[in-house]
Amino acid sequence: MMDFEDVIKTRRSVRVYDDKEVEDEKIEKIIRAGMQAPGSRLNAEPWEFVVIKDRDTLERIGEIKPRVKNAPVAIVVLANIERAFYKTVWQQDCGAAAENMLLEAVNLGLGALWNGVATFEDIEASIAEIVGVDNETIKPYCIITVGYPGKGQENKFMDKFDESRIHYEKY
């Protein structure tokens with residue numbers, strides 16, 4: 001387990017992975033972290049998850065989202081609109097879940113990448129078809145690829161602090 005500040009500072013987008021298989025226990029911990037995110041109201045967390053390890057399915061998704069093709073694992077973050085309290089803010093709820101998942105991956109010594117899906121209707125529909133959901137009630141939000149970082153892809157500190165972007169009281 002890493003110090004939380006180190007997790008935050010070293011998280012980066014990992015796009016190349018080793019061939020090493022990701023343990024099911026680690027995948028579950030990543031999903032548990034996602035489920036700990038805040039929901040929009042009254043515990044109406046809309047998220048659901050599809051874990052994909054099957055090479056054929058990863059390659060099929062990779063035709064739409066190329067970074068998925070070579071990942072050992074992909075977790076599709078979905079929003080169950082019927083369960084969402086506010087039907088128009090499910091992206092915020094799923095975004096919080098996805099960020100928790102990315103941070104937990106780092107904590108577990110893994111690399112991860114957020115692959116955007118939401119708001120691109122054609123991509124949403126294609127991913128929904130592949131994972132077998134009705135795109136009207138269950139919306140694909142993003143795909144998080146997970147694996148052991150490949151050479152040169154390790155999580156490491158990259159200073160992104162920019163004081164010029166901080167404003168007090170007014171812009």
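On helix α2, the face turned away from the buried side carries E25 and R32, both exposed. These assignments, like everything below, come from a predicted model. The helix itself covers residues 24–35, 12 residues in total, and spans 17 Å from its first C-alpha to its last, close to the 16 Å expected at 1.5 Å a residue. Turning to the other side, I27, I30, I31, A33 and G34 of α2 are buried. Looking down the axis of α2, these buried residues fall within an arc of 155°, so they line one face of the helix.

What does that face pack against? The buried residues of α2 pack against three strands and a helix: β1 (47–52), β2 (73–80) and β4 (138–147), plus α4 (90–107).

The strands belong to an open sheet of four, ordered β1-β2-β4-β3 and paired antiparallel. At the edges sit β1 and β3 (111–116), each of which pairs on one side only. Ignoring direction, neighbouring strands in the sheet are turned by 25° against each other on average. Between β1 and β2, which run antiparallel, there are six bridges; I52 stands opposite A74 in β2.

Helix α2 packs on this sheet by touching β1, β2 and β4, and its direction makes about 165° with that of β1. Helix α3 (residues 55–62) also comes into the picture: α3 lies across β1, β2 and β4 and runs at about 115° to β1.

Technical notes:
Residues numbered from 1 in each chain as written. Predicted model: local features only at pLDDT ≥ 70, side-chain atom pairs only at ≥ 80, totals over all residues. Heavy atoms only, no water. Helix = DSSP H or I, 4+ residues; strand = E, 2+ residues; numbered from the N terminus. Expected span 1.5 Å × (residues − 1). Buried < 20%, exposed > 50% of the residue type's maximum accessible area, 1.4 Å probe, protein only. Arc of directions from axis to C-beta. Contact = heavy atoms within 4.5 Å. Pairing = 2+ DSSP bridges. Axes fitted to C-alpha atoms, helices over the stretch in contact; angles between N-to-C directions.
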